[in-house]
There are 2 protein chains.
Amino acid sequence: MTDRAPVDGDGGTPAAPILVVGSVALDEISTPAGHREGVVGGTAVNFSAAASLFAPVQLVGVIGDDYPTDELDFLLRRGADLSGLERRPGRSFRWGGFYRRDMNTRDTTFTELGVFADFHPTIPDAFRSAPWAFLGAIDPTLQLEVLDQIESPVLAACDTMNYWIEGTPERLADVIARIDLITLNDEEAKQLSGEYNLARAARWIRSRGPRHVVIKKGEHGAVLLTGDGFFLTPGFPLENVVDPTGAGDAFAGGLLGHLARCGSITGPALRRAVVYGCALGSFACEAFGARRMATLTMAEVEDRVRSFGVLTRFDEGGVTET
Amino acid sequence: MTDRAPVDGDGGTPAAPILVVGSVALDEISTPAGHREGVVGGTAVNFSAAASLFAPVQLVGVIGDDYPTDELDFLLRRGADLSGLERRPGRSFRWGGFYRRDMNTRDTTFTELGVFADFHPTIPDAFRSAPWAFLGAIDPTLQLEVLDQIESPVLAACDTMNYWIEGTPERLADVIARIDLITLNDEEAKQLSGEYNLARAARWIRSRGPRHVVIKKGEHGAVLLTGDGFFLTPGFPLENVVDPTGAGDAFAGGLLGHLARCGSITGPALRRAVVYGCALGSFACEAFGARRMATLTMAEVEDRVRSFGVLTRFDEGGVTET
């Protein structure tokens with residue numbers, strides 16, 4: 001029995017599973033709202049916390065013997081399969097972050113790789129045919145190892161970050177050439193493309209392989225570029241930001257979650273998926289780590305997605321157009 | 001005879017005039033796209049270049065005997081009344097700006113006040129009953145002088161800037177308490193309110209007087225807060241930004257222009273007005289100074305506003321909602 005929301009996409013067909021490979025971390029986070037240590041986080045956890053509301057998640061990652069796995073029980077209750085979460089002797093990956101008052105800039109205070117240093121993802125046989133796959137921002141070499149182990153999903157997506165853009169651009173180019181959708185933030189998109197203009201950066205990235213480019217702009221929303229052109233959404237005007245850590249991964253979880261739920265990658269489905277991404281990203285900011293995501297319901301998600309419609313609608317009234 | 005577009009708001013009633021008071025400048029601008037000197041600019045010119053497409057503009061400002069007034073002929077052809085543009089012996093206000101590669105940060109390279117130093121706006125009798133008024137970002141003491149000279153417009157709007165927020169906060173508070181709508185950029189909104197969160201900043205400002213708060217976010221679009229709550233629009237994904245100077249004033253011109261044209265300040269009219277603002281702001285970036293605005297047609301404006309609808313629409317398709 002799970003407490004995942006029933007699928008309402010096409011008459012109750014169960015949503016197909018989403019494979020996620022990425023870091024599983026213990027975070028130490030300081031924001032203007034407070035300080036927390038030992039916060040359950042990392043890309044795979046934050047992605048799954050969002051995506052598991054929409055579809056069953058298959059998580060692949062590594063933890064040390066210090067990880068409080070009971071804090072991931074909410075994922076099991078939502079039908080997630082954690083059998084690909086390898087536990088090894090040693091310490092889990094740990095990351096520390098400090099946010100300034102505007103919440104838009106953060107400093108990494110420390111990184112301890114622990115058992116993550118030797119991580120080579122092994123995709124369990126039962127996960128290899130997952131129709132939806134998300135490769136978190138890990139070493140592109142590992143991302144390629146994952147792509148070699150999975151069987152032509154409907155959509156393979158990846159994220160990346162400045163460290164890999166600078167450090168291993170050729171391997172990253174190989175990843176980008178093989179995936180269907182990339183998510184990355186605006187600074188990363190500019191750095192990857194060498195373009196200072198975000199629209200041109202998106203076109204450059206799309207010319208390198210992915211049919212769908214999704215640029216995350218934090219509080220400013222997101223940009224989608226597909227074969228149909230651009231789609232833009234502002235960010236949700238959240239008035240109490242507690243902790244932005246993991247919001248980008250929750251965004252990706254909402255994005256792939258919606259696609260998996262409706263079993264579609266049409267232009268309209270992708271547009272709505274980006275709005276779901278923004279909605280999940282905004283919820284992620286409402287508490288430290290994945291705490292808000294753990295209590296979140298699909299009714300709340302749908303309500304916020306409707307809010308995006310209300311917040312951005314402008315066609316009605318005013319001067320009539322032809 | 002003018003080449004202003006016919007009013008299509010309510011069956012051909014002529015749009016009521018918009019009074020604008022602000023700087024009239026000669027700019028020296030360096031951007032990654034080039035360097036220009038003696039560019040006709042300033043708030044009153046850049047605002048009028050946009051607003052004159054929608055409604056007759058009444059401009060109040062001051063220039064020296066060095067100003068190339070023939071470069072403002074396009075405003076006359078659009079029905080603008082420049083009889084409030086005072087010419088005095090001396091040099092015009094001059095401003096120099098340098099934009100970095102990302103076009104998001106600029107340095108002021110010099111400011112020469114010239115005849116603007118002694119400017120005290122005198123509103124001609126024929127302008128005092130203008131139903132729409134925009135007070136550019138000048139000394140709040142001068143903005144109050146204008147408010148004392150005009151007769152209860154339908155909407156009085158103002159802009160401001162960091163210099164006055166820091167330098168004369170009490171006088172600025174007096175202005176804000178008396179106007180109906182304020183436009184300012186996101187950094188200014190945060191500085192004015194002392195809030196790091198933009199949504200809270202907007203609420204703070206609204207609590208100080210203006211019924212309508214419009215926060216300009218440059219390439220990230222704009223936020224409107226009215227009694228109906230928030231409206232958000234992303235920025236237009238312009239791929240060739242030549243010169244952002246004056247885009248904020250063109251935004252205000254499009255905003256007030258649309259309101260004057262449709263003679264309405266309802267919530268839906270304000271939302272559309274913000275989109276017109278973003279559209280005009282994006283056109284302003286396509287060439288140095290007001291050059292793009294001088295050749296712009298209402299057909300192009302309407303086309304771009306329609307593009308905003310296409311770029312932001314996400315309701316169709318996907319998972320159906322109740």
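These notes cover the contact between chain A and chain B and the aromatic pairs of a predicted model.

1. Chain A and chain B each bring 50 residues to the contact. About 4,500 Å² is buried between the two chains, with carbon and sulfur atoms giving 52% of that area.

2. The interface of chain A and chain B holds 2 salt bridges. One of them joins the side chains of A:Arg203 and B:Glu239, with N to O at 2.8 Å. Residue pairs in polar contact between the chains number 18, counting those with both residues at pLDDT 80 or more.

3. On the side of chain A that touches chain B, the elements giving two or more residues are helices H7 (198–207), H8 (247–262), H9 (267–284) and H11 (298–312), together with strand E13 (229–233). H11(A) gives the most, 8 residues. By class, this side of chain A has 19 nonpolar, 18 charged and 13 polar residues.

4. Over all chains there are 14 aromatic pairs. A:Phe47 and A:Phe134 are stacked, because their ring centres lie 4.6 Å apart and their planes stand at 5°. A:Phe47 belongs to helix H1 (residues 43–51) and A:Phe134 to strand E8 (residues 132–135), so this pair links parts of chain A that are 87 residues apart. A:Phe47 and A:Phe134 are both buried.

5. Another pair joins two chains, because A:Phe231 lies in strand E13 of chain A and B:Phe314 in the segment after helix H11 (298–312) of chain B. Their ring centres are 6.4 Å apart and their planes at 70°, so the pair is edge-to-face. A:Phe231 and B:Phe314 are buried.

6. Ring pairs also connect A:Phe93, A:Phe116 and A:Phe119 in a cluster.

Key
Residues are numbered from 1 along each chain as its sequence is written. Chains are lettered from A and ligands numbered from 1 in the order in which they are written. Side-chain values use heavy atoms; hydrogens and water are left out. Contact means heavy atoms within 4.5 Å. Buried area is the accessible area (1.4 Å probe) that two parts lose on being put together, summed over both. A salt bridge is a side-chain nitrogen of Lys or Arg within 4 Å of a carboxyl oxygen of Asp or Glu. A polar contact is a pair of N or O atoms within 3.5 Å; within protein, one must be able to donate a hydrogen and the other to accept it, and residues adjacent in sequence count only if both atoms are side-chain atoms. Helices (H or I, at least four residues) and strands (E, at least two) are DSSP runs, numbered from the N terminus. Ala, Val, Leu, Ile, Met, Phe, Trp, Tyr, Cys and Pro count as nonpolar, Asp, Glu, Lys and Arg as charged, and the others, Gly among them, as polar. Rings of Phe, Tyr and Trp (its six-membered ring) pair if their centres lie within 6.5 Å; planes under 30 degrees apart count as stacked, over 60 as edge-to-face and the rest as tilted. Buried means under 20% relative accessible area, exposed over 50%, partly exposed in between (1.4 Å probe, protein chains only).
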